[in-house]
Amino acid sequence: MNSRRKFIKSSSILGAGVVLAPNIASGFVSNTFEDKLKVGFIGVGLRGTNHLTNILLRKDVEVTAICDIDPARIDLTKEMIKNAGGKSPKVFGKNDYDYRNLLELEDVDAVIIATPWLWHVRMTVDAMKAGKYAGVEVSAANTMEECWDLVNTHEQTGTHMMILENVNYRRDVMAVLNMVKQNIFGETVHFRCGYQHDLREVKFNNGQQPYGGGVEFGEKAISEAKWRTEHSVKRNGDVYPTHGLGPIAVMSDINRGNRFVSMSSYASKAIGLHNYVVKHGGENHPNAKVKFKQGDVITSTIETARGETIIITHDCNLPRPYSLGFRVQGANGLWEVDGNRIYVEGKSEPHKWDEATSWLEKYDHPLWKKYGEYAEGSGHGGMDFFVMNAFVESAKQNIAPPMDAYDAAAWSAVTPLSEVSIENNGEPQNFPDFTRGLWIKRKPYNWMKDSF
């Protein structure tokens, strides 16, 4: 942590004197990196306070306001800021819409939104309308209308938003991105990804601890089980696609020379959550009578304009080890995360896998080479440092972030499209072009730089 503090302090000094891009709508008047970015937090649950921990280590950011409807989280957050030597923030949380009063503050330049999914778009839209640079947790949107709301509001206001997809900054993912950019695998053909994570103890708890200990959800539960499980009751679709799809979208230049064209989805039977309730709460527990709509394994296949196929898997209701199931395959070889293996024609022994570690070390991304030691301890293996650093640096300069409104919309659109496709027996669904044709000439973001 001390090394991270040194880095953040020195990066602010090195950035001094850089003139920022003119602001379109936010009123963010700042001429050098020495000026502190004033940040408000909307939602300070477990994820929000994780981001706060990393923000409080920076010397170029001041947390000026916080909002949450849970008084206990407010008290915890105020104590964190106090212990970090920060000024007491303005507090909001009288009701569900008190965040709008936070957005009216002049001493808030940017906001970090880490609330339940149903609030993501309305809060992000309100933030952009208020001229605040917005960072929103994943997934960004629930419905197709919400996807368009993000894009339309960004275009109407000129205010930026960033989807805070931390897996795009995972070390092995960035090394493989480096390999893709250097054409190690040849022309890309096929990808696999997803979210394969046993979330049963996230979706149920005892109302006293955030993970497990019981089979309650909704009003009798706390943390994510209070709201997330309801999506499994009422929705049958891939409700959490971006951890897998975000990195693949970058590798395949989605919205920047390529785009998603169509998608088909299928869902298995739904037995995992019911079995969990019965096992841990008994057959007579009220939740044993709940009919869960979401299939335990949901498989979607996307076709891109360049002719690649992408298989996305959502598998969160059954016992299994964690994996995002990455596979990146091109004309000359492929990488698979499960098994930690790579094969490159002409480099690997014919028809035999290479252990991937040496390849990943050879093509380690410039960001990780430069800042890897500073990222240690930031959460999720260091990914959280990089995603928050990208947000802060983009907001300070008021420039388009690495993952923008068009990305947030396209990646999140998997959810409503999967629901419709599943409802119609896997019928292919046309993917909206959220760039309105500009994907043809939009230049890819420079993911290979070593700054952010």
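The exercises below work through the sheets, one helix and the cavities of a predicted model.

**Exercise 1. Find which strands stand at the edges of the open six-stranded sheet, and why one side of each lacks a neighbour.**

Solution.
Step 1. Write down the strand order, which is β3-β2-β1-β4-β5-β6, with parallel pairing.
Step 2. Take the two ends of that order: β3 (90-92) and β6 (161-163) each have a single partner strand, so one side of each is left without a neighbour in the sheet.
Step 3. Add the twist, which averages 20° from one strand to the next.
Step 4. Check one edge in detail. Strand β2 (residues 61-67) runs parallel to β3 and is joined to it by three bridges. In this pairing, Cys67 stands opposite Phe92 of β3.

**Exercise 2. Describe the surroundings of strand β10 (residues 309-315): how many of its residues are buried, and which strands are joined to it?**

Solution.
Step 1. Count the buried residues, taking buried as under 20% relative accessible area. Five of the seven residues in β10 meet this, and the strand is mostly covered.
Step 2. Recall that strands of a sheet pair through backbone hydrogen bonds, either parallel or antiparallel.
Step 3. Assign the parallel partner: β7 (residues 188-196) is joined to β10 by seven bridges, and Cys193 faces Ile312 of β10.
Step 4. Assign the antiparallel partner: β9 (residues 297-304) is also joined to β10 by seven bridges. Here Ile302 has Ile310 as its bridge partner.
Step 5. Look at the connection. β9 and β10 make a hairpin with four residues between them, and Gly307 in the turn has a positive phi of about 95°.

**Exercise 3. Decide where the buried residues of helix α13 (residues 366-375) lie around its axis.**

Solution.
Step 1. List the buried residues of α13: Leu367, Trp368, Tyr371, Gly372, Tyr374 and Ala375.
Step 2. Use the arc. These residues cover only 165° around the axis, which puts them on the same side of α13.
Step 3. Look past the helix: Gly377 follows α13 and has a positive phi, near 85°.

**Exercise 4. State how many cavities of 30 Å³ or more the structure holds, and describe the lining of the largest.**

Solution.
Step 1. Count them: there are five cavities of 30 Å³ or more.
Step 2. Pick the largest, with a volume of about 100 Å³.
Step 3. Identify the lining. It has 13 residues, and the closest to the cavity centre are Ala249, Val250, Ile254, Arg256 and Trp447. The elements giving two or more residues to this lining are α10 (242-251) and α15 (405-412).
Step 4. Sort the lining by class: nine residues are nonpolar, four are charged and none is polar.

Methods: Residues are numbered from 1 along each chain as its sequence is written. This is a predicted model: local features need pLDDT of at least 70, side-chain atom pairs count only at pLDDT 80 or more; totals for chains, interfaces and linings use all residues. Side-chain values use heavy atoms; hydrogens and water are left out. Two strands pair if DSSP finds at least two bridges between them. Axes are lines fitted to C-alpha atoms, for helices over the stretch in contact, and angles run from 0 to 180 degrees between N-to-C directions. On a 1 Å grid over the protein atoms alone, a cavity is a set of points where a 1.4 Å probe fits but cannot get out, and a pocket is an open set with protein on both sides within 12 Å along at least five of seven lines; lining residues have an atom within 4 Å of a point. Grid points are joined across faces, edges and corners, and a volume is the space filled by probe spheres set on the points. Ala, Val, Leu, Ile, Met, Phe, Trp, Tyr, Cys and Pro count as nonpolar, Asp, Glu, Lys and Arg as charged, and the others, Gly among them, as polar. Buried means under 20% relative accessible area, exposed over 50%, partly exposed in between (1.4 Å probe, protein chains only). The arc is that of the directions from the helix axis to the C-beta atoms.
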